[in-house]
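Trainee: I have a new structure open and I'd like to learn how to read it. Could you walk me through it, feature by feature?

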Amino acid sequence: RGVAGVLPIGLGLALAGAQLVPTLELVPRSVRAAPGFHFASTGFQLAELTGVLLRQGFGGAAPLYLGPVVIAIVGAALLLGQKGAVLRSLWMTLAMGALMLSLGARTFLYDVAYVLVPGFPTFREQERFALVVALAAAALAADGATMLAAFWSSDEQRRAVRSVLPYLAGVTLAVLIAGLALAGFPSQGQG
């Protein structure tokens, strides 16, 4: 029984050895062998956090863009959900932690990870954590969409939602126009 669990791991390491051995030999000779804190600690600027709601060109960072609809559905998941609160808490904690790590040295969490997580100082450009933020947001949005679909399953809730939709559309349009007016239209490129 014990051999059956070890055999796939051993086989995987043997197959990966063709790449692992040269990589391990190269790491000490790389410019990243001892890059230092300032080299590895880059990340998003604090102002780029607007990218969660605003797409690039309006002051946000494109990799962080989730959009207002996803944020609203995630909010619904967090507010309406009674079942699965532990799983939602896990996804939310993962999203917030990854968002903080994507800021690099601008938050305390990066310093902690830099000191405590083996291999963490080797990597720079902490923006890659935006992928984890997007994954957690997708899981929360899927949960929220499931809850909203269940909520809207009765005729009474559907009528209530239909009565609010024109107002919601008007507010959304007003916010969009105000955002465009305040931020200016994004440039179509330089050429």
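**Two helices that meet**

Mentor: Let's start with a place where two helices touch. Gly-97, Met-100 and Leu-101 in α4 meet Phe-108, Leu-109, Tyr-110 and Ala-113 in α5. By class, this contact of α4 with α5 has six nonpolar residues, one polar and no charged ones. Keep in mind that you're looking at a predicted model.

Trainee: How do I read the way they cross? At what angle do the axes of α4 and α5 cross?

Mentor: Picture a line through each helix, then look at the gap and the angle. Here the axes cross at roughly 85° and come within 7 Å. Angles of 65 to 115 degrees count as roughly perpendicular, so α4 is roughly perpendicular to α5.

Trainee: Can we zoom in on one residue of that contact? Which residues does Leu-109 touch, beyond those up to four places away in sequence?

Mentor: Leaving out the sequence neighbours shows you what folding brings together. Leu-109 sits in helix α5, which covers residues 108-116. Beyond those up to four places away, Leu-109 touches Gly-97, Met-100 and Leu-101. Take Gly-97: 12 residues separate it from Leu-109 along the chain, and their C-alpha atoms are 7.7 Å apart.

Trainee: And is Leu-109 buried, partly exposed or exposed?

Mentor: For that you check relative accessibility. Leu-109 has 24%, so it counts as partly exposed; buried would need under 20%.

Trainee: What about Ser-102, buried or exposed?

Mentor: Ser-102 counts as buried because its relative accessibility is 0%. You'll find Ser-102 in helix α4, residues 85-102. Apart from neighbours within four places in sequence, Ser-102 is in contact with Gly-43, Phe-44, Gln-126, Glu-127, Phe-129 and Ala-130.

Trainee: Now the pockets. How much space lies in the largest pocket?

Mentor: With a pocket, ask about its volume, then about what lines it. The largest one holds about 690 Å³ of space. It is lined by 20 residues, and the closest to its centre are Leu-53, Pro-68, Val-69, Thr-172 and Val-175. The elements giving two or more residues to this lining are α3 (68-80) and α7 (155-183).

Trainee: Which element gives the largest share of that lining?

Mentor: That's α7, with eight residues. Sort the whole lining of the largest pocket by class and you get 17 nonpolar residues, two polar and one charged.

Trainee: How do I read the second largest pocket? Which elements each supply at least two residues of its lining?

Mentor: Go through the same steps. About 160 Å³ of space lies in the second largest pocket. At least two residues of its lining come from each of α3, α4 and α6 (130-151), and α4 has the largest share, with four. Among the lining residues are Val-52, Leu-66, Met-92, Leu-99 and Leu-140. By class, this lining has 11 nonpolar residues, no polar and no charged ones.

Trainee: Let's step back to the whole chain. How many helices and strands are there?

Mentor: Counting elements gives you the outline of a fold. This chain has seven helices and zero strands, so read along the sequence you'd write α-α-α-α-α-α-α.

Trainee: And what percentage of the residues counts as buried?

Mentor: Of the chain's 191 residues, 23% count as buried. You can also ask how far along the sequence contacts reach. Among contacts with a separation of 6 or more, 61% involve residues 24 or more positions apart.

How values were computed. Residues numbered from 1 in each chain as written. Predicted model: local features only at pLDDT ≥ 70, side-chain atom pairs only at ≥ 80, totals over all residues. Heavy atoms only, no water. Buried < 20%, exposed > 50% of the residue type's maximum accessible area, 1.4 Å probe, protein only. Contact = heavy atoms within 4.5 Å. Axes fitted to C-alpha atoms, helices over the stretch in contact; angles between N-to-C directions. Parallel < 35°, antiparallel > 145°, perpendicular 65-115°, else oblique. Nonpolar A, V, L, I, M, F, W, Y, C, P; charged D, E, K, R; others polar. 1 Å grid on protein atoms, 1.4 Å probe; cavity = no way out; pocket = protein on both sides within 12 Å on 5 of 7 lines; lining within 4 Å. Points joined across faces, edges and corners; volume = space filled by probe spheres on them.
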